[in-house]
Amino acid sequence: MQRLHLYLGSFLLSAALIVPVGVQAKNHCPDQNGKKGYYDNGHKDCHYWDDREDHTYQTWWEAQGHKTHREWSKLKAKERSEYWKWRHEHPDNDQERH
């Protein structure tokens, strides 16, 4: 019986360590044509960053009332989610970018 507890404990510990890696891999967008890929959890899709996306982001950031620029990589998850929500409401004509 003690051996069963040892195996069960090892199995549960292994599962607890492996599952987060699998979830993280699912929410990853590979770079594409030199563009960094970002996963949008709210819409379950990928967005690829280029100069036009950066300009759109800066426009959104200033419209939120922020005076100083903040790099996309420095945003909190909530701010990124708000941007992607807004971005889906304000798409480009070029739908292949998303």
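Buried means under 20% relative accessible area and exposed means over 50%, with partly exposed in between. The exercises below apply this to a predicted model.

**Exercise 1.** Decide whether Glu-89 and Lys-85 are buried, partly exposed or exposed, and work out how they are placed relative to each other.

*Solution.* Glu-89 has a relative accessibility of 49%, so this residue counts as partly exposed. Lys-85, at 48%, likewise counts as partly exposed. The two residues form a salt bridge whose closest N and O atoms are 3.1 Å apart, and because they stand four residues apart in helix α3, about one helical turn separates them.

**Exercise 2.** Describe the surroundings of Asp-50, beginning with its place in the chain.

*Solution.* Asp-50 sits in the loop between β2 (45–49) and α2 (51–63), and because its relative accessibility is 19%, the residue counts as buried. Its side chain reaches the backbone nitrogen of Arg-52 at 3.2 Å, while a polar atom of that side chain lies 2.8 Å from the backbone nitrogen of Glu-53. Asp-50 also forms a salt bridge with Lys-35, with the closest N and O atoms 3.6 Å apart; this pair links distant parts of the chain, since Lys-35 belongs to the loop between α1 (2–26) and β1 (36–40), 15 residues away. Lys-35 itself is partly exposed, at 29%.

**Exercise 3.** Find which parts of the chain are tied together by the salt bridge between Glu-53 and Arg-87.

*Solution.* The closest N and O atoms of this salt bridge are 2.7 Å apart. Glu-53 lies in helix α2 and Arg-87 in helix α3 (residues 77–89), so the bridge ties together parts that are 34 residues apart in sequence. Glu-53 is buried at 0% relative accessibility, and Arg-87 is buried at 2%.

How values were computed: Residues numbered from 1 in each chain as written. Predicted model: local features only at pLDDT ≥ 70, side-chain atom pairs only at ≥ 80, totals over all residues. Heavy atoms only, no water. Helix = DSSP H or I, 4+ residues; strand = E, 2+ residues; numbered from the N terminus. Buried < 20%, exposed > 50% of the residue type's maximum accessible area, 1.4 Å probe, protein only. Polar contact = N/O pair within 3.5 Å; in protein donor to acceptor, adjacent residues only side chain to side chain. Salt bridge = Lys/Arg side-chain N within 4 Å of Asp/Glu carboxyl O.
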